[in-house]
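Here are a few notes from my pass through the model. Have it open while you read.

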Amino acid sequence: MFFRIIPKREIPELVRGLASQFHVIGPVAKDGSFVYAPLSAPAELRLDYDTTLLPAKEWFFPSSETLMRFTVADNVVIDDSVDETKRVLFGLHPCDVNSLLLMDNVFLGDNPDPYYKARRDNTLIVGVSCMPNEHCFCNAWGTDETHWGFDIFLSDIGEDYYASIRSVMGAELVDRYVAGRPITDDDTAAFQRRTAEFKAAFTNDVDTSQLPVLLDAKFDSDIWEKLGEKCLACGACSMVCPTCYCFDVHDVLEADQLTGCRVRTWDSCQFKEFAEVAHGHNFRDTRASRVKYRYYHKQWGYLSKFERVLCVGCGRCTRACKAQINPPRVVRALQTGLVD
Amino acid sequence: MTTHLSAAPIVVNPYRPSPARITSIIDLTPMEKLFEFRLIGDAAREAFDFQAGQFVELSIFGVGEAPISISSAPSKQGFIELCVRNSGDVTGALHSKKCGDIVGLRGPFGRGFPFQEMKGHDILLVAGGLGIAPLKSLINHIHDDRHDFGKVTILYGSRTPADILFRAQFDMWRHRDDFDLILSVDQPDETWDGAVGLVTKLFDTIDVDPKGTYGAICGPPVMYKYVIAEMRKKAMDADHIYVSFERRMKCGIGKCGHCGVGHQYACIDGPVFNYWEAMNLQEAI
Amino acid sequence: MAPRVVVLSLASDFGCQVQLSNMTDEILDVLGVIDLGYWQLASSGHMPTEYDVAIIEGAVTTDEHLELLRDVRQTAAVVIAMGACANTGGIPGLANLVDLDERYTVVYGSGSALKVAPGKRAPMPLDEFIHVDYHVPGCPIDTSEFLRVLSHVLLGMKDRVPNLTMCASCKLNQTVCFFDRGQLCLGLVTRAGCGARCPSLNRPCTGCRGVAPDANLESARTIIVAAGHRADALENGLRIYNTSQEVRG
């Protein structure tokens, strides 16, 4: 990795430069919150955002996408092309950069998903540092830092960004569009100070000790019944989660009923029908069993395959869940045996 | 700002079904039919290499996809047999198809029975209801390599005599001495001269060499626990008892999440697990 | 052969039929795949005696409605309940909150009820009386949902009316939750399927699609009270479209 100092005042120039080559997506304000959206001007970019309503996965794995178009009469695929739009996702926090690495394990591992892969291959990632808010707990999983998974990462050191550059493309773009300068020892010291402030600012304390053991050993604990009583079964947690990758597929016909689209949409293990099979048996009929499965899979099922938990501590589900079911609380319940 | 929209066709798309022609349809019961398919194109047919216990995604555009286990034996190449109950939109649509119609197939998916490992051993197969469908593949595969196996016992329980699948074949097999086939029904009718009661009751009538036998079980979710208990009573090893699970395999490639069982996915880690593995899957049995 | 379809209305404001006429991009294609035998809003002729699919809008509010409904069920292979009135009793169901005779007197004058509406009944949705094959809820219906259901009917698929609540759709729209703005929103318990259209237009959900079978009403009530709303806010809000459900329990 190599580094550059990029003055903050040069960011609009960088964005303008990127926009001449790419579709630039970044955090913009919406109704008092923020969303990742295409930028129509560099000034719209809000690198001071706290979090976005939906995570960055939307730009690789859209909430609804056509996998293929088909004809009904002869059961034939007439189009299954992928989206190769050149994009830059500008302004991802470390949690969101890390979340994409977790999604990659699923979508780019065995049997790679061509739709996800095409978008991933054609999208540059520019990360930006942040300060934790009251819902953040990325430090619990070590996803508060990111050392790969981006082309450029901008760490705020006051007037300037301390930019880590990870890819050839990132280096070329920085060279082309910003003046910048090499780093000095003072800059690195500022970066370290800033990192220390960041680490000290977390207010959530999540005890992640031995979660896989606890999930199995306390599988029959009544904490799940208590959480199930609260759960609205609405799936909001899955929708806003940057690491939830479950999906459903259904066919939608044109009004003439001759052709149609096979469409993939985000799904949630919290929906009642999620684990129901054709003959009517539902393997997770109760809300309690579904809440439990969500945590069991994230903290153990995924871990058993990829050696990481399937959570980056972004706090979006904490905000979204009206029933106040969230990882810090559930982990606390697992540790203590009590739902507080 | 500039937008560069572009699109490209996909070379390898695991979600894209391959066209397959229905070459035979046999009515088994009012609810179940046996379909034979041939993939269209020599390359597709040759590439389709499967194990007993694996499944395919059956695709009917406009309606959707459904996971169906393969009933034909890997030893018979060139066609794929699926025993399908009319129980949902896709299977319902398939039931209304006729010979010559084209549907889509994806697969084969999942982990099947460890056929090579089972060789040289006695085999005890236990099926309940539609659970005979994947076991039929294994039975036929064993049949085609019969000299590689010891004693082969098949216990097959159905609700009523009319619900027995592949009955014509099994009626013939009842008199073979290289397969011990015992059929049982919960509700007999006046024509029934076989065993009556749950399939677990049949264990009293069979002898099992505990260390020399591999078990294979497939049936309704409620059945596993009891059949495994019987096999354990016969002192069979946990890792010699294989179960095939039905779950909602939607994508078949470990992505969509619907077939999660414990910490694994039935579509890539299963649907066939040995009992030791299954014991370690929460809520599996 | 294209199935013969009839569209008829019981007690309603014809709003869902108007929605059908609003499908300007699709209506010609739809007419190409069905044999439209009768459309109450648009046809000048009479309803045929033989048909395959009946699309029924409106709640049952008179004996005459009920008789018609039972006749239709006898004739049609497929019955589709269209709109809030047909699915939950909808707005006509509000009459269940008051004394029916008294209400007719207030509106039409004393002794009027028999003349104006002979055989009047407490307003009820269709499936109080007959088996309904497909449900397209909402006030008014969402035409893209209607078209999806029509495909399901033509393909002989099962009814797939969603059983889950609205919140996930709102998340996908990136709508800021009304509870986070201090407002009550019935999306917490209301049946999904409209794409959370009202919230995306900055109006909280009013529950026109009925209570979702998978909703957790008890938890929702607790959440609503904790958010500073009245204890009966949920029940009160749901009454706009769901009183018939409440009455029949």
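How many residues do chain C and chain A each put into their contact? Chain C gives 25 and chain A gives 31, counting residues as in contact if their C-beta atoms, placed from the backbone, lie within 7 Å.

1. Ground rules: this is a predicted model, where local features need pLDDT of at least 70, side-chain atom pairs count only at pLDDT 80 or more, and totals for chains, interfaces and linings use all residues. Residues are numbered from 1 along each chain as its sequence is written, with chains lettered from A and ligands numbered from 1 in the order in which they are written.

2. On the chain C side that touches chain A, α2 (27-33), α7 (143-155), α8 (167-173) and α10 (217-226) each supply at least two residues. Helices here are DSSP runs (H or I, at least four residues), and strands are too (E, at least two), numbered from the N terminus. That side divides into 13 nonpolar, 7 polar and 5 charged residues (Ala, Val, Leu, Ile, Met, Phe, Trp, Tyr, Cys and Pro count as nonpolar, Asp, Glu, Lys and Arg as charged, the others, Gly among them, as polar).

3. Within chain A, the axes of α7 (223-230) and α9 (287-306) come within 7 Å and cross at roughly 110 degrees. The two are therefore roughly perpendicular (65 to 115 degrees; under 35 is roughly parallel, over 145 roughly antiparallel, the rest oblique). Axes are lines fitted to C-alpha atoms over the stretch in contact, with angles from 0 to 180 degrees between N-to-C directions.

4. C:M1 sits in the segment before β1 (4-9) of chain C. C:M1 counts as exposed because it has 5 C-beta neighbours inside 10 Å (exposed is 12 or fewer, buried 20 or more, partly exposed in between).

Definitions and conventions
Two residues are in contact if their C-beta atoms, placed from the backbone, lie within 7 Å.
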